[in-house]
Amino acid sequence: MNYLSPAFVFLFLPITMCVYMIFPKKFRWVSLLIASYIFFYIISSYVIAYLLFTTISVYTISNLMNKVDRHKLAICITGVLLQLGILIFLKYTNFFIGNMNIVRDWIGLPTLHRMKILVPIGISFYTLQAVSYLIDTYRGGIKEPKHLGKLALFLAFFPTVMEGPICRFHEISSTLMEGKSLQYHNITFGLQRVIWGIFKKVLIADRVNGVVNEVFQNYHHYSGIVVVMATCLYTIQLYTDFSGSIDVTIGIGQIFGITIPENFRQPFFARSATEFWKRWHITLGRWFKDYIFYPIALSKTMRRLKKRFNKRQHALLGKNIAVAIALFAVWFSNGLWHGPQWKYILYGMYFFIWISIEVMLEPTFNKMYARLGIRTNARWFSYFQIIRTVLFIILGELFFRATDVKAGFYMLTSIADISLQPLLDGSIFQLGMDRRDFFITCIAILIVFLVDVIHEGGYSIREGIARQYIVKRWTLYYIALFVIIIFGAYGVNYVPISMLYADF
Amino acid sequence: MEKNKREKGAIVKSILFILIFFALLQGVSMFLVKDGSPISIVQKSRGIFSEPSNTIDVIYLGDSESYTSISPMEIWQTYGFASYVAGSPGRRTINAYFLLREALKYQKPKYVFLETNMLFRKGKAKLPTLFYQMEKMAALYQPMMLRQNEWKKLDLMKLKPMLRWKDFMKGFIYNDRVKPYKNKGQSDEQTEELPNEENMLYFKKIKQLCDEKNIKMILYTAPTPLNWTKGKHNGIKNMAEKYEIPMIDLNVETSLNMDWSVDTYDGGNHMNYRGARKSTAFMAEYMKTLELEDKRTDPRYKHWVKDSEFYKKEVFDKDEKSIPNS
């Protein structure tokens with residue numbers, strides 16, 4: 001079951017809403033907790049035990065931190081290492097074994113057997129939430145008394161458990177535990193958000209999947225424009241799939257009157273890699289910033305290192321070394337978080353290099369622009385930055401999607417074989433999408449782009465529609481629903497595609 | 001008071017929105033359904049209800065084995081017999097009984113061929129009446145949800161509403177994929193396997209219903225090496241003798257010349273079109289021995305002639321080119 005399956009939409013969610021309303025206001029959070037655990041059990045079966053262990057251990061450790069004054073840091077570190085240890089064991093054991101086997105094979109030792117490990121869905125997400133809870137408790141950021149049930153709901157809340165967003169306790173707890181009654185405005189606005197998410201996933205992400213899979217799995221057969229097209233489509237697929245799923249998540253939250261933080265803010269309007277990661281998977285970037293980047297960059301060790309460089313007249317190096325080390329830690333972790341494969345680490349290092357160049361060479365670039373007379377606040381310059389950023393993002397996604405690092409480089413070099421032949425002879429329409437599919441996909445992408453343009457301008461489309469007369473409003477809603485029903489890529493002619501980020 | 005008024009208004013608006021949605025769904029479906037378009041499995045199982053009354057002479061009743069083994073259109077093209085496959089995936093005998101009972105309000109067939117695979121379905125049906133009613137509603141009210149890609153067939157110059165959809169395949173489902181059957185060495189026991197209590201009960205009800213309506217019932221077993229056993233064969237044979245019902249087991253008919261390396265699309269569970277043509281040809285010859293009339297020149301069957309042309313174009317001609325020596 002996932003958020004877009006009929007069982008969830010027509011059975012689980014309506015029943016949860018009914019049960020929620022039956023419970024007295026003070027205990028409605030309990031109904032959400034029960035629903036969340038039922039949902040988690042359905043999607044992960046007996047490995048729910050890991051979630052339970054995480055919940056109980058975080059509760060115990062955070063309580064302990066509140067009771068003691070001394071050794072608080074040590075207790076916090078123990079708790080964090082415990083949570084991360086579980087994640088590393090479940091997700092990365094076979095990765096380490098695989099790499100060790102390469103070395104062992106090389107030196108003539110027998111290889112080790114890989115372990116059969118069942119990983120709970122969403123572990124990468126709820127573990128980061130658990131770690132943030134512990135660290136925020138240590139920092140004094142969580143004022144409420146510890147409550148096992150409420151902590152359990154925070155970690156297992158069913159709309160966020162599969163793909164995030166990665167929430168902080170203080171930003172969600174008030175609305176999560178409030179038990180607000182279901183209100184017509186919240187239900188309608190929530191459903192609108194859900195429908196928008198389904199539009200993105202079912203009209204674009206799921207439709208292009210056939211072409212993306214075909215080209216990336218059989219990359220030896222393709223080159224040039226086909227590889228470029230598939231990479232662009234994958235980038236669009238990843239965005240519409242992930243942001244669409246987040247729209248559904250936020251919409252479900254809104255139905256219950258729960259405010260879930262945004263995870264995307266028109267990422268393809270970013271003018272730099274740094275800005276991109278403030279607009280894409282916002283909560284993950286924020287987590288790394290708050291719990292890895294700043295703790296490292298502002299640590300005593302880094303300050304001492306900076307002083308040492310400054311004493312030796314290397315002020316520039318001193319200023320950048322802390323940033324570089326912290327960035328390295330962030331991007332290595334980011335890459336590894338996405339999965340136990342070298343291609344993800346490469347992806348992380350790609351952004352490390354790019355962002356490091358941006359940060360460290362910013363003064364140099366500014367001087368260069370000034371000398372060349374380039375007005376960096378000019379509109380054309382913004383467009384240039386946006387296009388440049390998008391191209392670099394697409395390049396990164398090629399490696400992200402490729403089956404492995406070797407395949408990624410092969411595909412990259414194959415782009416040099418530029419030929420328009422697949423477009424001219426129509427073979428491009430036999431990869432998984434025919435001409436009509438392409439047409440519908442292009443229209444849908446255009447609609448998503450226009451919506452993003454409007455949102456970038458600060459205008460809320462939903463509020464704008466809500467101000468219209470009922471006939472106009474309902475006409476728009478019906479058009480949206482029927483566009484999904486008629487043109488959506490789902491059902492007997494399509495292979496069901498799971499939510500992409502749930503696999504991480 | 002004001003709050004109550006607002007709440008009532010919200011409920012009324014919600015109900016109205018949903019009702020208008022379903023009305024629009026039906027309307028849009030009428031425009032997007034073209035003559036002879038393949039439709040969902042849920043609707044196929046109820047396709048017999050879209051045929052004009054008293055025009056079906058033979059009903060094939062069963063689960064997925066029925067709609068993958070018999071193509072009524074090819075029987076029509078050969079001998080002009082009007083038959084219909086009322087099959088549904090995973091159907092239980094109890095639901096087959098419900099469907100036949102309902103179908104006999106509108107049709108007066110001379111024969112009912114009962115496919116035997118569903119008689120051996122294990123366990124008890126869960127809430128059969130509820131699921132039968134849900135299947136009924138789903139066939140009516142979810143046409144669009146299951147008609148993906150119908151929009152690609154639209155010819156904007158010929159857009160016209162269809163007042164009623166029909167299945168030109170008459171319940172048959174075409175599948176041209178090939179996945180060979182791998183013989184795992186089935187044991188050749190001579191034991192007898194009988195249907196469980198629930199299946200026997202509803203088998204007897206179907207028999208009783210047929211007797212009341214003066215319909216001759218025939219048991220037939222579609223070719224399926226994955227599901228067939230000697231025990232089941234013996235069980236059906238003994239049931240047929242006990243209830244004096246003719247029985248045909250296509251699994252033992254060597255004249256079919258089944259080639260399970262190419263005649264199945266799912267490793268021997270069901271036949272593909274290539275296999276179905278063989279079993280259909282056999283059953284057509286069998287039906288020739290029954291008291292059935294050639295309706296090809298009957299004016300009441302003009303729609304069958306039209307459906308047959310469409311079938312020829314969409315299925316037969318396409319497959320003729322793709323299958324060598326068919």
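Asn214(B) counts as exposed, at 71% relative accessibility. Keep in mind that we are looking at a predicted model. This asparagine sits in the loop between α7 and β4 (216–221) of chain B, and its backbone does something a bit unusual: phi is near 60°, a positive value in a residue other than glycine. For background, most residues other than glycine have a negative phi, and most peptide bonds are trans.

Chain B offers another case in Glu244(B), where phi is near 55°, again positive in a residue that isn't glycine. You'll find Glu244(B) in the loop between α8 (230–243) and β5 (247–249) of chain B. Buried or exposed, then, for Glu244(B)? Its relative accessible area is 71%, so Glu244(B) is exposed, the cut-off for that word being over 50%.

Over in chain A, the backbone has its own oddity. Gly164(A) and Pro165(A) are joined by a cis peptide bond, with omega at about 10°. Pro165(A) belongs to the loop between α6 (148–156) and α7 (169–178) of chain A.

**Salt bridges**

How many salt bridges does the structure hold over all chains? The count is 23. Here are some of them, with the distance between the closest N and O atoms.

| Salt bridge | N to O distance |
|---|---|
| Lys201(A) with Asp241(A) | 2.9 Å |
| Glu275(A) with Arg271(A) | 3.7 Å |
| Glu51(B) with Lys170(B) | 2.8 Å |

Take the bridge between Lys201(A) and Asp241(A). Lys201(A) is in helix α8 of chain A and Asp241(A) in helix α9 of chain A, so the bridge ties together parts 40 residues apart in sequence. Both ends are covered up: Lys201(A) counts as buried at 2% relative accessibility, and Asp241(A) is buried with a relative accessible area of 0%.

In chain B, the side chains of Glu51(B) and Lys170(B) meet in a salt bridge. This pair links distant parts of the chain, 119 residues apart. Glu51(B) is in the loop between α2 (41–44) and β1 (58–62) of chain B, while Lys170(B) is in the loop between α6 (128–141) and α7 (197–212) of chain B. Here too the charges are out of sight: Glu51(B) is at 2% relative accessibility and counts as buried, and Lys170(B) is buried with a relative accessible area of 0%.

The bridge between Glu275(A) and Arg271(A) has mixed surroundings. Glu275(A) has 19% relative accessibility, so it counts as buried, since the word applies under 20%. Arg271(A), with a relative accessible area of 36%, is partly exposed.

Some charges in chain A join up beyond a single pair. Arg193(A), Lys200(A), Asp247(A) and Glu262(A) are linked in a network of salt bridges.

**A positive patch**

Which residues form a positive surface patch? They are Lys300(A), Arg303(A), Arg304(A), Lys307(A) and Arg308(A). One of them, Lys307(A), lies in helix α12 (residues 300–311) of chain A. Lys307(A) has 59% relative accessibility and therefore counts as exposed.

**Aromatic pairs**

Over all chains, the structure holds 74 aromatic pairs. One is the edge-to-face pair of Phe8(A) and Phe39(A), with 5.7 Å from centre to centre and 70° between the planes. The two phenylalanines are 31 residues apart, and they link distant parts of the chain: Phe8(A) is in helix α1 (residues 6–22) of chain A, and Phe39(A) is in helix α2 (residues 28–44) of chain A. Both Phe8(A) and Phe39(A) are buried.

Another edge-to-face pair is made by Tyr219(A) and Tyr410(A), at 5.4 Å centre to centre and 65° between the planes. What distance along the chain separates them? Tyr219(A) and Tyr410(A) are 191 residues apart. Tyr219(A) comes from the loop between α8 (184–217) and α9 (224–255) of chain A, whereas Tyr410(A) comes from helix α17 (residues 405–414) of chain A. Tyr219(A) is buried, with a relative accessible area of 14%, but Tyr410(A) is partly exposed, with a relative accessible area of 34%.

How values were computed. Residues numbered from 1 in each chain as written. Chains lettered and ligands numbered in written order. Predicted model: local features only at pLDDT ≥ 70, side-chain atom pairs only at ≥ 80, totals over all residues. Heavy atoms only, no water. Patch = residues over 30% accessible without salt bridge, like charges linked within 9 Å, V, L, I, M, F, W, Y side chains within 5 Å. Areas by Shrake-Rupley, 256 points an atom, 1.4 Å probe, with all protein chains shown as cover. Salt bridge = Lys/Arg side-chain N within 4 Å of Asp/Glu carboxyl O. Lys, Arg positive; Asp, Glu negative; His and termini not counted. Charge placed at Lys NZ, Arg CZ, Asp CG, Glu CD. Helix = DSSP H or I, 4+ residues; strand = E, 2+ residues; numbered from the N terminus. Buried < 20%, exposed > 50% of the residue type's maximum accessible area, 1.4 Å probe, protein only. Phe/Tyr/Trp six-rings, centres within 6.5 Å; stacked < 30°, edge-to-face > 60°.
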